[in-house]
Every structure is written in structure tokens, then in C-alpha cells.
Amino acid sequence: MTFSGGRRALLRHGVSATAGAFAGAAAVKAVDAIQANGPLPFYEGPAASIHADRRTPPKHAQVDTVWSVDTERKLVALTFDDGPMPNWTPKVLESLKRQGIPATFFVVGRNLAANKDIFRGYEGQHELANHTWEHKDLARQDLAEATDAIERAHDEITKVTGKAPTLLRPPYGHLAGSTMLTAAEFGYTVVLWSRQMLESDYRDDPPGLVEYISAATAPGDIILAHDTGPADRLVAIGNLDAMISGLKNRGFEFVTVTDLLAARHT
Ligand SMILES: [Zn+2]
């Protein structure tokens, strides 16, 4: 066990013995003091959705959180997470270009900073949205950390596109109060997904994945895919054209998430 691990274990023990009122707590992050069944810190730490001063409401009154969109229209939004990366993002962009459809890219800020030229020539066709700066789990981050992770990506996307992003997808779909509070400060809509590429289920059965996505997708769905990552995801990326064609044949129209949101209840 490392020194820091031992120290944390000791402090955890101290917390349980003194019901949270232990000396020297200020030096320990609130997240370290969380116990399996103990009380969570009220106004600090990842769970808190209210500012610690108990006086300042967030700039925006509410945060919409969407998995899909209620609509009768055969609209669907394709989303690609974790890039842009030179390995697969260009391949995805070529498929989308061949098919003449838009998509929403939930980019990792530092990947965008390193590969911003990848989207050159595609301005206006696709939407870039926030997937944090370096893809850490927001459910473990306090307000300062969550704000940093979201703000750095926000600024990078704004710099590259000239347009401030309005959609946030938390890595892993993990949410905490601090994420919601940050989203409320920035005016973000939190976007999850209602369907996803099941790459691990269909690794050796590409036609099966094409059939699953083509048949299972419903009006208003937000489909999760990835434009970088482990090799098994190539079963989705390599068969995008077939899936898109399959959905077009069923009468679906592809839109960005923002345009899908605009079609709510229609
Ligand atoms: Zn991700």
C-alpha cells in the first residue's frame, strides 16, 4: 500500500469514528471522505448540486437531460464520442459525406486541441459538442474539477468552431450533482443516448449489428457510437454506410442532436 493509500484509509477510519468532524479534514478532498453508507458532504464533493455558499443559484434555471426525443417523425441523431483522433474520425467523416448526413461529435477537448484539422472542410455539416477535457469520470469530481473539465473543452470547441457548444455528454453517462450544477452555469443540455452500437455483442457478426441498428432504431433515438477506442468498435465504424442505408430505407432522416431537440413533440 502506498503512503497516500494508507493515509486515506486512516482518514476514512477517523471519519467513521468521529462522524465526519475530524481534525485536518480540510486537507482531504471531500471525495476521499465518502464512505459506503455514510452521509455525503452537503455542499462540497461530487454529489452537491447547490453552491457551497448556499446563496448563489446557477445562471440558468434548469438543465434538460435527454436520452431521446419524443417525436412521431422518423428522425434520428447519430453521435460519435471520444475523438477526434486520426485513426477513425476521418473514416467516419467520409461515410457521413458519402451518405450526405450530419452527425454530432461529442469531442474530448484535448483530442480536439491536438487534431483540430480533422474537421476542416466539414464546417457547417456537423455539430461539435462537449465530452469534457480529458474524459475523466465526472461522478467522482467536485464542482471545481467538473467546472475545469467542462470549461476547458467548452473553450476549445468555441475556439475551433467559433461557436459555443450547448450540449454536454458526461463520460460513461455518469452524472453527479456537480455535473448538473456546472451544466446549469453554462446553460448546457445534458445528452445521453437511447441506443448504442453493441460492438462487443457483434464483434464477429457485422451483418448482425447492421440488422440490429437498422431494425431497432425508433423515431427520436439518439445513437451512441465512438470515433476512436478499442479495435472491436471497428465493427460499427466499418459498417456505418450499411446501417445508415438501412435506416434511410426505413424512411429515417438523420439530424444533429440540436435539430432533433428542436423537433420535440412534433
Ligand atoms: Zn466517452
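This is a short tour of a predicted model, stop by stop, with what to select and what is there.

**The whole chain**

Start with everything shown as a cartoon. The protein chain has nine helices and nine strands, and 36% of its 266 residues count as buried. Take the contacts with a sequence separation of 6 or more: 76% of them are between residues 24 or more positions apart.

**Helix α4**

Now select residues 143-161, which is helix α4. Quick sanity check on its length: 19 residues at 1.5 Å a residue should span 27 Å, and the end C-alpha atoms are 26 Å apart, so the two agree.

Next, show side chains for L143, A146, A149, I150, A153, H154, E156 and I157, the buried residues of α4. While you look at the spacing, remember that an α-helix has 3.6 residues a turn, so residues three or four places apart point the same way. What do these buried residues pack against? Colour β3 (104-107), α3 (109-114), β4 (127-130), β5 (167-168) and α5 (177-186), and you have the answer. Just past the helix, click G162, which has a positive phi near 75°.

**Helix α5 and its crossing with α4**

Move over to α5 and pick S178, T179, M180, T182, A183 and E185, which are buried. Their cover includes α4, β5 and β6 (189-191). Here too a glycine follows the helix: G187, just after α5, takes a positive phi of about 75°.

Keep α4 and α5 on screen together. Two packed helices are described by the angle between their axes and the distance between the axes. For α4 and α5 the angle is about 45° and the axes are 9 Å apart. Anything under 35 degrees would count as roughly parallel, so this pair is oblique. The crossing is right-handed. To see the contact itself, select L143, A146, T147, I150 and H154 on the α4 side, with S178, T179, L181, T182 and F186 on the α5 side. By class that contact has five nonpolar, five polar and no charged residues.

**Another helix pair: α6 and α8**

Now select residues 206-216 for α6 and 240-249 for α8. Their axes are 9 Å apart and the packing angle is about 30°, so α6 and α8 are roughly parallel to each other. The crossing of this pair is right-handed. V210, I213 and S214 of α6 meet A242, M243, G246 and L247 of α8. Here the contact residues divide into five nonpolar, two polar and no charged.

**Backbone oddities**

Most residues other than glycine have a negative phi, and most peptide bonds are trans. The next few picks break with that.

Go to the loop between β2 (75-81) and α2 (89-99), where P84 is found. G83 and P84 are joined by a cis peptide bond, with omega about 0°. D82 is found in the loop between β2 and α2 as well, and its phi is positive, near 85°, though D82 is not a glycine. Is D82 buried or exposed? With 21 C-beta neighbours inside 10 Å, D82 counts as buried.

Then jump to R54, in the loop between α1 (3-18) and β1 (65-66). R54 is another non-glycine with a positive phi, about 60°. R54 has 8 other C-beta atoms within 10 Å, so it is exposed.

**Last stop: Y122**

Finish at Y122, in the loop between α3 and β4. Y122 is partly exposed, with 15 other C-beta atoms within 10 Å. Add K97 to the selection: Y122 and K97 are 25 residues apart in sequence and 8.8 Å apart in space, C-alpha to C-alpha.

Notes. Residues numbered from 1 in each chain as written. Predicted model: local features only at pLDDT ≥ 70, side-chain atom pairs only at ≥ 80, totals over all residues. Helix = DSSP H or I, 4+ residues; strand = E, 2+ residues; numbered from the N terminus. Expected span 1.5 Å × (residues − 1). Buried ≥ 20, exposed ≤ 12 C-beta atoms within 10 Å, placed from the backbone. Contact = placed C-beta atoms within 7 Å. Axes fitted to C-alpha atoms, helices over the stretch in contact; angles between N-to-C directions. Parallel < 35°, antiparallel > 145°, perpendicular 65-115°, else oblique. Left-handed = near helix turned anticlockwise from the far one by under 90°. Nonpolar A, V, L, I, M, F, W, Y, C, P; charged D, E, K, R; others polar.
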